[in-house]
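This report is meant for a reader who is meeting the structure for the first time. It goes from the sheet and its helices to the charged side chains.

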Amino acid sequence: MTKQIAQPTKLSKEAKAYIKQHIPHHEPVLSQKGEVIKVCWPDLSGNELKYVEDCVKTGWVSSMGKYVSLFEQRFAEYCGAKYSVSVTNGTHAIHLALAALGIGEGDEVIIPTFTMIATANVIKYLGATPVFVDARSDTWNIDETKIEEVITSKTKAIIVVHIYGHPCEMDTIMEIAKKHNLWVIEDAAEAHGAMYHGHRIGAIGDIGCFSMYANKVITTGEGGIVVTNNSDLHRLMYKLHNHAFDDEIHFWHEYLGYNYRLTNLQAALGCAQVERIDELIGARRRNAQLYMKSLSYTQGIQFPVELPGIFNTYWMFGFVLTDEFPMTRDELRDFLADYGIETRTFFIPMHMQPIYFKKEYIGAFPISDFLCKNGLYLPSSSSLTTEKIEYICSKIMLAAQKQKK
């Protein structure tokens, strides 16, 4: 018998033809003639180095140390939550939340199809099935009016994703969850500090999950955190994230646990970042306002929104091109790359991913299809200067003057 490694998922010709219409053709090659403006980089200009040096000098560099508990306390307080558990990354944050809720084989979890792959994958890790819902055309978040259509007797939870910093319609979603006795997990990887009618996201649902990756509003390099107001869930998640060690007998395990502990070094970064979180969010919002002001007279661009009662953090400044713009999304990315400007496309939705694709998904999620084909985001770092934003906008306006092919 020949040994074999894991093989990629194959798609039919019909599936490939459908998906090819929407996904990016390639990644543009950035010009190296002048300065390259990256799509995002962290701002570590506060006490980050001071706190990390303290970890090194005192020897507390692993998952024990004062900064871990301090980071958890400060971030929970910021979110308006009673409890939190820091973890190794945002993917593990959602995985830990689902595991604590007992999600497993045969269960279904509703998620938006327009999201990053981690949201779906963690459901599969536990043997459950992700069920997809299309996006709204204005906020690009899960369309709450379509959630009840896909609820079955197997549905156990809803994961909402606050896309690019704009909160989902939480009042309606929480009412649906209460009506059908479902858990609500907030995937807030992109929305640190966003607010929904006066409440910070993350502490509205049963569990809020955050990523602390380097491009997020605040970062620990890698890392993540879960927040909750449920003491039972907090105790269980804390146990599970540390191999589910027993409180009295150390090498005794009554649960399947995980090694998801954040290091004191990473938490030290997090403490310094939380100290400046409002400043960093303010910079992202300033970026968005400058972009929209500069491009306000450019035809063919659909800007992100901020609905009444919402505080959008504009984690990344994204927009959607319409037919009025003379270039396709991919052509504009190539055009900007020639000037050293890096961009990113919007997510390729879950229903197009080879590992989740089904024939019946063709045409079933039109808004997400449109966003995938036409959306991109621009450099959005908190430390981005006004001059660089004006330079980027000048090149977009130049592209808008080109003759349509």
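## Terms and basis

Two strands are said to pair if DSSP finds at least two bridges between them, and the strands (E, at least two residues) and helices (H or I, at least four) are DSSP runs numbered from the N terminus. The model is a predicted one, in which local features need pLDDT of at least 70 and side-chain atom pairs count only at pLDDT 80 or more, while totals for chains, interfaces and linings use all residues. Residues are numbered from 1 along each chain as its sequence is written, and side-chain values use heavy atoms, with hydrogens and water left out.

## The sheet

Strand E5 (residues 183-187) and strand E8 (residues 207-211) run parallel and are joined by 3 bridges; one residue of this region, Asp187, has Cys209 in E8 as its bridge partner. Both strands belong to an open sheet of 7 strands with mixed pairing, whose order is E1-E9-E8-E5-E4-E2-E3. At its edges stand strand E1 (83-87) and strand E3 (129-133), each of which pairs on one side only. On average, neighbouring strands of this sheet are turned by 20° against each other, direction ignored.

## Helices on the sheet

Helix H4 (residues 90-100) packs on the sheet and touches E1, strand E2 (108-112), strand E4 (155-161), E5, E8 and strand E9 (224-228), where contact means heavy atoms within 4.5 Å. The direction of H4 makes about 160° with that of E8; axes here are lines fitted to C-alpha atoms, for helices over the stretch in contact, and angles run from 0 to 180 degrees between N-to-C directions. Helix H5 (residues 117-125) lies across E2, E3, E4 and E5, and runs at about 150° to E3.

## The surroundings of Glu48

Glu48 is found in helix H2 (residues 48-58) and is buried, with a relative accessible area of 2% (buried means under 20% relative accessible area, exposed over 50%, and partly exposed in between, with a 1.4 Å probe and protein chains only). Leaving aside neighbours within four places in sequence, Glu48 is in contact with Asp43, Leu269, Ala272, Gln273 and Arg276.

With the side chain of Arg276, that of Glu48 meets in a salt bridge (3.6 Å, N to O), the term standing for a side-chain nitrogen of Lys or Arg within 4 Å of a carboxyl oxygen of Asp or Glu. This pair links distant parts of the chain, since Arg276 is in the loop between helix H8 (264-275) and helix H9 (277-294), and Glu48 in helix H2, 228 residues apart. Arg276 also counts as buried, at 10% relative accessibility, and a network of salt bridges links Asp43, Glu48, Arg276 and Glu279.

## Other salt bridges across the chain

The count by this rule comes to 18 salt bridges. In one of them, Arg333 pairs with Glu27, the closest N and O atoms being 3.0 Å apart; Arg333 lies in helix H10 and Glu27 in the loop between H1 and H2, so the pair ties together parts that are 306 residues apart in sequence. Arg333 is buried, with a relative accessible area of 1%.

Glu35 forms a salt bridge with Lys388, with the closest N and O atoms 2.8 Å apart. Because Glu35 lies in the loop between H1 and H2 and Lys388 in helix H12 (residues 386-400), this pair ties together parts that are 353 residues apart in sequence. Glu35 is exposed, with a relative accessible area of 53%, whereas Lys388 counts as partly exposed at 23%.
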